[in-house]
Amino acid sequence: MSAYVTLPILEETGFAVLEPDDSSIDPAEWRELEYTPWRSSGITRFAPLTSFSGELECNAFWNRTPPRTDKDGVWIAAQSEKAPALVRLAQQPGAVIGRCRVIELQPNEYADAVHNLHQDDNNRLNPEGTGWIVRGLCNLTDDADSMLLLREDRFDPASEVRIPLAAGTRVIVDTQRLWHAVWHRGPAPRYALITSWESGPELARHIAAHHGTTTVQSPPVDQRVVDAAQTELHRRIEEQRRIVAEQGRALTDTGFDDA
């Protein structure tokens, strides 16, 4: 990754937590958007605000014709007109934006979130010498009991950082490096704005201006719950292997999700 422009604050931990956003965005902005099903961790729907060419879809830019890296997303007029405050929030750092969308996540269990831990394929086709793509998350609903789970090692709970998701919580994550998922304790769906930004001086200034920190006090989780989730993780993986083997294929794990 040294061949790319990166953010020094992310070098050690892979994430930075910013001061909460206090703009009090009208919930109608995300409720009135058009959502589309899209594969991700958990039971989700997405409302894209940008896309490859301004169409209502979530596909990676490198998975379109002609393929390109996930930068310079085109605003979807019908969506962005309904959500001007969300657009301003995404544009606030002044960094190049790739994909930008609102995620809707249904409640889940800790074991589900651990199983759903994944990495994103953000930098395919990204030319060396340019900015490494990271993702910013801003929680829109007040989900103070829910947590963003971050792991350096998918199978090592000791590497886990848990970030509570009260309304306005903002986190910038190298999601191609860190395994991540959300444990949403409900009862209503959770909504958050997710924006792909290019690393560079603009994003670095934004993080500094909002007092970005890598020091987080993870809320405790009962060790019995953690151990049970690890057991369930391996059980589900083995079940997937059996199913795939019965189909005459082998289970591969590229480490990437969210194509």
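**Group meeting: S196 and its strand**

Let me begin with one residue, S196, which is buried, with a relative accessible area of 2%. I should say at once that what we are looking at is a predicted model.

S196 belongs to strand 13, which covers residues 190–198. The burial of S196 fits its setting, because nine of the nine residues of strand 13 are buried, so that the strand is largely enclosed by the rest of the structure. If you follow the strand face by face, you find R190, A192, I194, S196 and E198 on one side, with Y191, L193, T195 and W197 on the other, and all of these are buried, so both faces are covered.

What does the side chain of S196 touch in a polar way? Its partner is the side chain of R135, at 3.3 Å. Leaving aside neighbours within four places in sequence, the residues in contact with S196 are V96, I97, G98, R99, I133, V134 and R135.

Turning to the pairing, strand 6, residues 97–105, runs antiparallel to strand 13 and is joined to it by seven bridges, with V102 standing opposite L193. Strand 8, residues 133–139, likewise pairs with strand 13 in the antiparallel sense, over seven bridges, and here N139 stands opposite A192.

Finally, there is an open sheet of three strands, in the order 10-9-12, with antiparallel pairing. Its edge strands, each pairing on one side only, are strand 10 (160–165) and strand 12 (179–183), and neighbouring strands of this sheet are turned by 20° against each other on average, direction ignored. Strand 9, residues 143–151, pairs with strand 10 over six bridges, and M147 stands opposite P164 in strand 10.

Conventions:
Residues are numbered from 1 along each chain as its sequence is written. This is a predicted model: local features need pLDDT of at least 70, side-chain atom pairs count only at pLDDT 80 or more; totals for chains, interfaces and linings use all residues. Side-chain values use heavy atoms; hydrogens and water are left out. Helices (H or I, at least four residues) and strands (E, at least two) are DSSP runs, numbered from the N terminus. Buried means under 20% relative accessible area, exposed over 50%, partly exposed in between (1.4 Å probe, protein chains only). A polar contact is a pair of N or O atoms within 3.5 Å; within protein, one must be able to donate a hydrogen and the other to accept it, and residues adjacent in sequence count only if both atoms are side-chain atoms. Contact means heavy atoms within 4.5 Å. Two strands pair if DSSP finds at least two bridges between them. Axes are lines fitted to C-alpha atoms, for helices over the stretch in contact, and angles run from 0 to 180 degrees between N-to-C directions.
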